[in-house]
Amino acid sequence: MGAADRVTLSRARFARLLEVLREDGYQLVGPTVRGGAIVHDVIGGIDDLPEGWTETQDGGTYRLLRRDDRALFGFSVGPQSYKPLFFAATVSLWRARRRDGSFVVLDRARTVPRLALVGARSCDLHGLAIQDKIFLEGSFADPEYEARRRGTFVVAVNCGHAGGTCFCVSMQTGPRVTRGFDLALTELLDADGHRFVVEVGSEAGALVLARVDHEETSEADRAAADDMVARTASNMGRKLDTDGIKELLYRNVDHPRWDDVAGRCLACTNCTLVCPTCFCSTVEDVLDVDGETSERVQRWDSCFTMDHSHLHGGSVRPSIRSRYRQWLTHKVASWIDQFGMSGCVGCGRCITWCPVGIDITEEVAAIRLTDGGA
């Protein structure tokens, strides 16, 4: 089934769709309001979705606002991507206990639930694709990531609202969902009612949809869904010129703009924590107080910490200037050499959740403005 074969679900039938996924043993993870933000969390069904909520976002600013309708997905993105679900912030790699002059490795078997991601946005699905490439492809796959990621069902949503810091159009990652989904929804809410235009992206999606009553999408609703996504694309909060961006940053490693941004950057690591694609980690060995049990733990790290680049004799990047340059240059330049794609999906989280509002699009534009060329 393609875009020409889209079907329509009423609000009640969408609720039934979520029930079917639960019946199939999926744990639903969707957007919900918590702690003054719209976050991804375990949900029971449609009643837990952020009905009637939206947000305003700018550099260093995020505020929830009430909408004047009952839209379930009338917002852009919150502080979280799906990264914590699959590349967990803390993972116990192994535990061992002293026994009879030697040691035994303790069993760490655990059950990982099958997840159904509800309301996934295109930028975050591109972020997942990048993480899949990092953790699942190549000579070695990460077993923890693989176990968590296996069997994921994705109910995506085409964006009808562009956030103030979004620039997915610049990165060709949205706002229309084009990959990595089982079902993709476009939410319509007007005088004709509250409904969802649905596109099937996989056999698993088709099998689930077949168990929910639906109807063929009218020409009017097809046009309305396409127009909504087009309006979102034209209302991006930010823009990033990616033309020759890798070469631009490579030839400007000594640009004075790095000093300017270093004067504002707190090296707090917020940008790397909220980024859907940053994957730095460190490993710590922890010994119990009695000296009988030892554990090796993998934790998130960030290229903004001093220890991240610590080699014998000290840190390779001791200044904030060098650490911010490393982050930005890797994200949109050397990442291309490393993985064949950009490491930025244009979600804008690094701008919104930076305490001082440092803007990646502004920094690249400032360097480009005074670039001397090759």
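Q: What makes the eight strands of the order 3-2-8-9-10-11-1-12 an open sheet, and which strands stand at its edges?
A: In this predicted model, the eight strands form an open sheet with mixed pairing. Strand 3 and strand 12 (215–216) stand at the edges, and each has a single partner strand, so one side of each is left without a neighbour in the sheet.

Q: How do you know that strand 2 and strand 3 pair, and in which sense do they run?
A: Two strands count as paired if at least two bridges are found between them. Strand 2 (residues 27–34) and strand 3 are joined by six bridges and run antiparallel, so by that criterion they are a pair. Within this pairing, V33 has I38 in strand 3 as its bridge partner.

Q: What makes the pairing of this sheet mixed, seen from strand 10?
A: Strand 9 and strand 10 run parallel and are joined by three bridges, with V157 standing opposite L185 in strand 10. Strand 10 and strand 11, by contrast, pair in the antiparallel sense over eight bridges, and here D190 stands opposite G193 in strand 11. Both senses therefore occur at strand 10, and each pairing meets the requirement of at least two bridges. Strand 10 and strand 11 also form a hairpin, with two residues between them.

Q: Why is strand 10 described as largely enclosed by the rest of the structure?
A: A residue is called buried when its relative accessible area is under 20%. Six of the eight residues of strand 10 are buried, so the strand is largely enclosed by the rest of the structure.

Q: Why is L136 called partly exposed?
A: Partly exposed covers the range between the buried limit, under 20%, and the exposed limit, over 50%. L136 has a relative accessible area of 32%, so it is partly exposed. This residue lies in helix 3.

Q: How do you know that L136 is in contact with residues beyond its neighbours within four places in sequence?
A: Contact requires heavy atoms within 4.5 Å. With the neighbours within four places left aside, L136 is in contact with Q131, A141, Y145 and E146. For E146, which is 10 residues away along the chain, the C-alpha atoms of the two residues are separated by 6.8 Å.

Q: What makes up the largest nonpolar core, and which element gives the most to it?
A: Membership asks for buried residues of the nonpolar kinds, joined through side-chain atoms within 4.5 Å. The largest such core has 33 residues, of which F14, L21, F73 and F153 touch the most other members. The elements that give it two or more residues include strand 1 (7–10), strand 8 (115–120), strand 10 and helix 6 (203–209), while helix 1 gives the most, with six residues. Leaving aside its neighbours within four places in sequence, F14 is in contact with L9, I46, L49, L72, F73, V118, L185 and F196. Apart from this core lies another, of 28 residues, among them I245, C275, Y324 and I360.

Q: What makes the space lined by C265, C271, Y324, C354 and I358, among other residues, a cavity, and what is its volume?
A: A cavity is a space where a 1.4 Å probe fits but cannot get out, whereas a pocket is open. A search of the whole structure finds seven cavities of 30 Å³ or more, and the largest has a volume of about 140 Å³. Its lining has 15 residues, of which the five named lie nearest its centre. By class, the lining of this cavity divides into 13 nonpolar, two polar and no charged residues.

Q: What makes up the lining of the largest pocket, by class and by element?
A: The largest pocket holds about 310 Å³ of space and is lined by 16 residues, of which R67, G160, E187, L189 and M228 lie nearest its centre. Its lining has seven nonpolar, four polar and five charged residues. Strand 10 supplies the largest share, four residues, and helix 7 (219–234) supplies at least two.

Q: How many charged residues line the second largest pocket, and which element gives the largest share of its lining?
A: About 250 Å³ of space lies in the second largest pocket, where M171, T173, M341, S342 and C344 lie nearest the centre. Its lining has nine nonpolar, six polar and one charged residues. Helix 3 gives the largest share, three residues.

Note on methods
Residues are numbered from 1 along each chain as its sequence is written. This is a predicted model: local features need pLDDT of at least 70, side-chain atom pairs count only at pLDDT 80 or more; totals for chains, interfaces and linings use all residues. Side-chain values use heavy atoms; hydrogens and water are left out. On a 1 Å grid over the protein atoms alone, a cavity is a set of points where a 1.4 Å probe fits but cannot get out, and a pocket is an open set with protein on both sides within 12 Å along at least five of seven lines; lining residues have an atom within 4 Å of a point. Grid points are joined across faces, edges and corners, and a volume is the space filled by probe spheres set on the points. Ala, Val, Leu, Ile, Met, Phe, Trp, Tyr, Cys and Pro count as nonpolar, Asp, Glu, Lys and Arg as charged, and the others, Gly among them, as polar. Buried means under 20% relative accessible area, exposed over 50%, partly exposed in between (1.4 Å probe, protein chains only).
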